[in-house]
Amino acid sequence: MLKRFLKFRMSKITGVLCCVLVFVSVLNAQQDFQIAPDGILGTPILDGAADDVDGSPLAFEKWRSATVIDTDGNTVEVDNLNYNGFTGKMMHQTAEGNYIELDSYKYLKVEFDNELMMNLTPFKGSGFGRVIYDGDKIKFFEQKSARKTTRNTNAYNQVTNMYKLSWKTEQLFFVDNTLY
């Protein structure tokens, strides 16, 4: 009888501990995201640009106005948006001067003037790609990405590792539920 009672109590305690752990992990995950004053959900970027990198990971010279479309079809007008080719994420500069990377599971499309960029995550890809053709059975994207390459510099008999960003452009096809 005592054994049965202890077994029942242990299963209850284990269940409660599991619920507490799940609750704490959900709270921690939510703390990583931030909602900007204009309603954009994303992860704050606390780190600035690295000193040892030559070049910019941003696709556009100037921050651009855009319409951001989420998974529910809701739209948000954003003034300062740019694409980070190194991380493959859209970046938003808030009015306060802070930077937020848009949540890639929440936002599907970004419209800049006459240019549409689509999140490639639903197509089993990563990052955003410029839409060249958007058909029912076939889709064609152009994706730019920044790669960090090593560039050694010699100064006063000392080798210093410096990095430079180089851009790569790929054409991607989505056919038969596969991204090529």
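## Salt bridges

Across the whole structure, a search turns up six salt bridges. Bear in mind that this is a predicted model.

Take Glu115 and Arg64: their closest N and O atoms sit 3.5 Å apart. This pair ties together distant parts of the chain, with Glu115 in strand β9 (residues 115–119) and Arg64 in strand β4 (residues 64–70), 51 residues apart. Glu115 is partly exposed, at a relative accessible area of 22%.

## Arg130, Lys139 and their partners

Arg130 and Glu142 also meet through their side chains, at 3.0 Å from N to O. Here the link runs from strand β10 (residues 128–134), home of Arg130, to Glu142 in strand β11, 12 residues apart. Arg130 is partly exposed at 29% relative accessibility, while Glu142 counts as buried because its 19% falls under 20%.

Lys139 pairs with Asp134 in a salt bridge of 2.5 Å, N to O. Lys139 is buried at 14%, and Asp134 is partly exposed at 40%. Elsewhere, salt bridges with shared partners knit Arg64, Asp113 and Glu115 into one network.

## The second largest pocket

The second largest pocket holds about 210 Å³ of space. It has 17 lining residues, and those closest to its centre are Thr87, Gly88, Ser126, Gly127 and Gln143. By type, the lining splits into 10 polar, four charged and three nonpolar residues.

Strands β11 (138–155) and β12 (158–175) each contribute at least two residues to that lining. β11 gives the most, with four.

## A hairpin

Strands β6 (residues 89–93) and β7 (residues 99–102) run antiparallel, joined by three bridges. One bridge pairs His92 with Ile100 in β7. Five residues separate the two strands of this hairpin, and Gly97 in the turn has a positive phi of about 90°.

Note on methods:
Residues numbered from 1 in each chain as written. Predicted model: local features only at pLDDT ≥ 70, side-chain atom pairs only at ≥ 80, totals over all residues. Heavy atoms only, no water. 1 Å grid on protein atoms, 1.4 Å probe; cavity = no way out; pocket = protein on both sides within 12 Å on 5 of 7 lines; lining within 4 Å. Points joined across faces, edges and corners; volume = space filled by probe spheres on them. Nonpolar A, V, L, I, M, F, W, Y, C, P; charged D, E, K, R; others polar. Pairing = 2+ DSSP bridges. Salt bridge = Lys/Arg side-chain N within 4 Å of Asp/Glu carboxyl O. Buried < 20%, exposed > 50% of the residue type's maximum accessible area, 1.4 Å probe, protein only.
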